[in-house]
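This report goes through one protein chain from overall form to single residues. Please have the viewer open while reading.

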Amino acid sequence: MSEHTYQTVELVGSSPEGVDTAIENAIEVANQKFGDPSWFEVVSTRGHIENGKVGHYQVTLRVGFRLAE
């Protein structure tokens, strides 16, 4: 196995549709802003409640980017 070095960025994705969409939204923005992400880790999940129902799902991610060798 090759040795690699990664840089991480912490992001919060949100979506009214669900946790999966919140993750996908955060990964899409990470790709646009920072380049090609290699992996992600879910750090926490929470939500926003409106009128007794889930308004938005919020997922904190640690996103890793492999640094050039």
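What radius of gyration does the protein chain have, and what would a compact globule of 69 residues have? The protein chain has 14 Å, while the globule would have a value near 11 Å. The radius is taken over C-alpha atoms, and the globule rule is 2.2 Å times the number of residues to the power 0.38.

## Model and conventions

This is a predicted model: local features need pLDDT of at least 70, side-chain atom pairs count only at pLDDT 80 or more, and totals for chains, interfaces and linings use all residues. Residues are numbered from 1 along each chain as its sequence is written, and side-chain values use heavy atoms, with hydrogens and water left out.

## Overall form

The protein chain has one helix and three strands. Their order along the sequence is β-α-β-β. Helices (H or I, at least four residues) and strands (E, at least two) are DSSP runs, numbered from the N terminus. Along the principal axes, the C-alpha atoms fill a box of roughly 50 × 20 × 15 Å.

Contact means heavy atoms within 4.5 Å. Take the contacts between residues at least 6 apart in sequence: 62% of them join residues at least 24 apart.

## Surface and charge

Of the 69 residues, 23% count as buried. Buried means under 20% relative accessible area, exposed over 50%, and partly exposed in between (1.4 Å probe, protein chains only). The protein chain exposes about 5000 Å², and carbon and sulfur atoms supply 46% of that area. Accessible areas come from the Shrake-Rupley method with a 1.4 Å probe; for residues, only the protein chains shown count as cover.

There are 5 positive and 10 negative side chains. Lys and Arg count as positive, Asp and Glu as negative; His and the chain ends are not counted. The centres of the two sets lie 6 Å apart, with each charge placed at NZ of Lys, CZ of Arg, CG of Asp or CD of Glu.

## The nonpolar core

Which residues make up the largest nonpolar core? The 10 residues are V9, L11, A22, I23, A26, A30, V59, L61, V63 and F65. Strand 1 (6-15), helix 1 (19-34) and strand 3 each supply at least two of them. Such a core is a set of buried Ala, Val, Leu, Ile, Met, Phe, Trp, Tyr and Cys residues joined through side-chain atoms within 4.5 Å.

Setting aside residues up to four places away in sequence, I23 touches F40, V42, V59 and L61. F40 is found in strand 2. With a relative accessible area of 42%, F40 is partly exposed. Beyond its neighbours within four places, F40 is in contact with I23, I27, L61, R62 and V63. F40 and T8 are 32 residues apart in sequence and 8.9 Å apart in space, C-alpha to C-alpha.

## Strands 2 and 3

T60 is found in strand 3 (residues 53-66). Is T60 buried or exposed? T60 is buried, because its relative accessible area is 6%. Not counting residues up to four places away, its contacts include E10, L11, V12, V42 and S44.

S44 lies in strand 2. S44 is partly exposed, at 28% relative accessible area. The C-alpha atoms of S44 and T60 are separated by 5.2 Å, with their positions 16 residues apart along the chain counted as their separation. Outside the four-place window, S44 touches Q58, V59 and T60.

## The loop at N51

N51 lies in the loop between strand 2 (39-50) and strand 3. Its phi is near 50°, a positive value in a residue other than glycine. N51 is exposed, with a relative accessible area of 81%.
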